[in-house]
Amino acid sequence: MNKETTLMMMEAERQQAEIRVLALINSLRNTLNNLEDRIKNGEELSESQGLQGNGDHLDVHLTKLVTYDKVIAQVKNIK
């Protein structure tokens, strides 16, 4: 596989990881906002209204995003 093909594949996968990170951030923000509203309104709470591991998913996809950035930089430096 040549440099250009590798770079193109890594950039496409990085873009997918970025989309997933942004989607998870939005989801977490909505979950936290809903939880905050329920608390402020004195509504009954349940454990299922928490993050339920979504923070872990964010960490996984953020790590992928960082890794793709590093790999892309390395591929660009290949002569």
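**Note on a predicted two-helix packing and its salt bridges**

1. The buried residues of helix α1 pack against helix α2, and the relation holds in the other direction as well, since the buried residues of α2 pack against α1. This is a predicted model, and the points below should be read with that in mind.

2. On the side of α1, the buried residues are L7, M10, A17, V21, L24 and L28. On the side of α2, the buried residues are L58, H61, L65, Y68, I72 and V75. As general background to such spacings, an α-helix has 3.6 residues a turn, so residues three or four places apart point the same way.

3. The lengths of the helices can be checked against their residue counts. Helix α1 has 38 residues, which at 1.5 Å a residue should span 56 Å, and its end C-alpha atoms are 54 Å apart, in agreement with that expectation. Helix α2 has 23 residues and should span 33 Å on the same basis, and the distance between its end C-alpha atoms is 33 Å, which again agrees. Within α1, where M9 is placed, the C-alpha atoms of M9 and I19 are 16 Å apart in space, the two residues being 10 apart in sequence; M9 itself is partly exposed, at 35% relative accessibility.

4. The largest nonpolar core is made up of 11 residues, namely L7, M10, A17, V21, L24, L28, L58, L65, Y68, I72 and V75. The elements that contribute two or more residues to this core are α1 and α2, and α1 gives the most, with six residues. One of the core members, V75, touches K3, T6 and L7 when residues up to four places away in sequence are not counted.

5. H61, which lies in helix α2, deserves separate mention. This histidine is buried, with a relative accessible area of 17%, a value that falls below the 20% limit used for burial. Leaving aside neighbours within four places in sequence, H61 is in contact with A17, R20, V21 and L24, and of these contacts A17, V21 and L24 are listed among the buried residues of α1.

6. How many salt bridges does the structure hold? There are four salt bridges, and in general terms, side chains of opposite charge can pair when their charged atoms come close. One of the pairs joins E18 to R14, with the closest N and O atoms 2.4 Å apart. Because E18 and R14 are four residues apart in helix α1 (residues 3–40), they are separated by about one helical turn. Both partners are partly exposed, E18 with a relative accessible area of 31% and R14 with one of 22%.

7. R14 also forms a salt bridge with D69, where the closest N and O atoms are 2.4 Å apart. Since D69 lies in helix α2 (residues 54–76) and R14 in helix α1, this pair ties together parts that are 55 residues apart in sequence. D69 counts as partly exposed, at 33% relative accessibility.

8. A further salt bridge brings together the side chains of E43 and R38, at 2.2 Å from N to O. E43 is partly exposed at 36% relative accessibility, and R38 is likewise partly exposed, at 27%. As for the pairs described earlier, salt bridges that share partners join R14, E18 and D69 into one network.

9. The region that follows α1 has two features that a reader may wish to inspect. Just after α1, G42 takes a positive phi of about 70°. Further along, Q49 lies in the loop between α1 and α2; is this residue buried or exposed? Q49 is buried, with a relative accessible area of 18%, which is under the 20% cut-off for that class. The side chain of Q49 reaches the backbone nitrogen of S46 at 2.7 Å, and, with residues up to four places away in sequence not counted, Q49 touches T31, L35, R38 and E44. Among these contacts is R38, the residue whose side chain meets that of E43 in a salt bridge.

Methods:
Residues are numbered from 1 along each chain as its sequence is written. This is a predicted model: local features need pLDDT of at least 70, side-chain atom pairs count only at pLDDT 80 or more; totals for chains, interfaces and linings use all residues. Side-chain values use heavy atoms; hydrogens and water are left out. Buried means under 20% relative accessible area, exposed over 50%, partly exposed in between (1.4 Å probe, protein chains only). A polar contact is a pair of N or O atoms within 3.5 Å; within protein, one must be able to donate a hydrogen and the other to accept it, and residues adjacent in sequence count only if both atoms are side-chain atoms. Contact means heavy atoms within 4.5 Å. The expected span of a helix is 1.5 Å times one less than its number of residues. A nonpolar core is a set of buried Ala, Val, Leu, Ile, Met, Phe, Trp, Tyr and Cys residues joined through side-chain atoms within 4.5 Å.
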